[in-house]
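Biologist: I've got this model open and I'd like to learn how to read it. Can you take me through it one feature at a time?

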Amino acid sequence: MPTSVQPLSSAALERSADELAQAAQRGAPHRPLVGMRLGLFCGDERSESVGSLREAAQSLGAQVTMLDPARALEEGAALDEVARLLGHLYAAVACEGVPAAVMQGLATAAVVPVLDARAVLAPVSGHGMSAERRPWLAQAALLAALR
């Protein structure tokens with residue numbers, strides 16, 4: 001089963017986003033993911049959630065590799081072998097637009113966290129949120145999911 005995202009309370013997410021924004025304003029951005037490689041399986045690289053997750057990870061210092069699920073997870077591909085390979089290449093894998101059964105198979109066989117990108121970003125999708133605030137909240141949500 002994909003790594004379950006323990007949702008931060010709204011207040012905790014806001015505090016974490018504030019801390020990230022304040023650190024960046026002081027000229028010392030918090031970059032705890034430096035050196036981390038994140039694989040991002042997505043059906044559509046232009047989707048809002050994919051863009052938000054990629055930007056959040058890169059802002060926190062991670063290197064993000066976009067992976068095409070149609071190519072990497074071809075019909076008949078042994079998910080345990082794919083998951084093992086992903087574990088050697090990435091510190092975590094996020095999926096968006098990947099069938100739930102495939103994501104669950106990867107998560108079961110992987111030795112690294114397998115995240116559902118939409119679940120990670122669910123707290124960030126609130127209406128009435130300023131575009132300026134959204135990146136900080138996405139970063140806070142991603143950090144919470146990786147803990």
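Modeller: Sure, starting with confidence: pLDDT is the predictor's confidence in each residue, from 0 to 100. This is a predicted model, so to speak of local features we need pLDDT of at least 70, and side-chain atom pairs count only at 80 or more, while totals for chains, interfaces and linings use all residues. Residues are numbered from 1 along each chain as its sequence is written, and side-chain values use heavy atoms, leaving out hydrogens and water.

Biologist: Which elements have the lowest and the highest mean pLDDT?

Modeller: Elements here are DSSP runs numbered from the N terminus: helices (H or I, at least four residues) and strands (E, at least two). Helix H3 (residues 69-72) is lowest with a mean of 78, and strand E2 (residues 63-67) is highest with 95. The protein's mean is 87, with 89% of residues at 70 or more.

Biologist: How many helices and strands are there?

Modeller: Seven helices and four strands, in the order α-β-α-β-α-α-β-α-β-α-α along the sequence.

Biologist: How do I read a helix with a buried side?

Modeller: An α-helix has 3.6 residues a turn, so residues three or four places apart point the same way. Buried means under 20% relative accessible area, exposed over 50%, and partly exposed in between (1.4 Å probe, protein chains only). In H5 (residues 100-109), the buried residues are Met103, Leu106 and Ala107. Down the axis of H5 they fall within an arc of 95° (taken from the directions from the helix axis to the C-beta atoms), so they line one face of the helix. Exposed Ala101 and Thr108 sit on the face of H5 turned away from that buried side.

Biologist: What covers the buried residues of H5?

Modeller: The cover includes strand E1 (37-42), helix H4 (79-89), strand E3 (92-96) and strand E4 (114-116), counting contact as heavy atoms within 4.5 Å.

Biologist: And which residues of H4 are buried?

Modeller: Val82, Ala83 and Leu86. Viewed down the axis of H4, they fall within an arc of 100°, so they line one face of that helix. They pack against E1, E2, H3, E3 and H5.

Biologist: What share of the whole protein is buried?

Modeller: Buried residues are 41% of the 147 residues. As for contacts between residues at least 6 apart in sequence, 71% join residues at least 24 apart.
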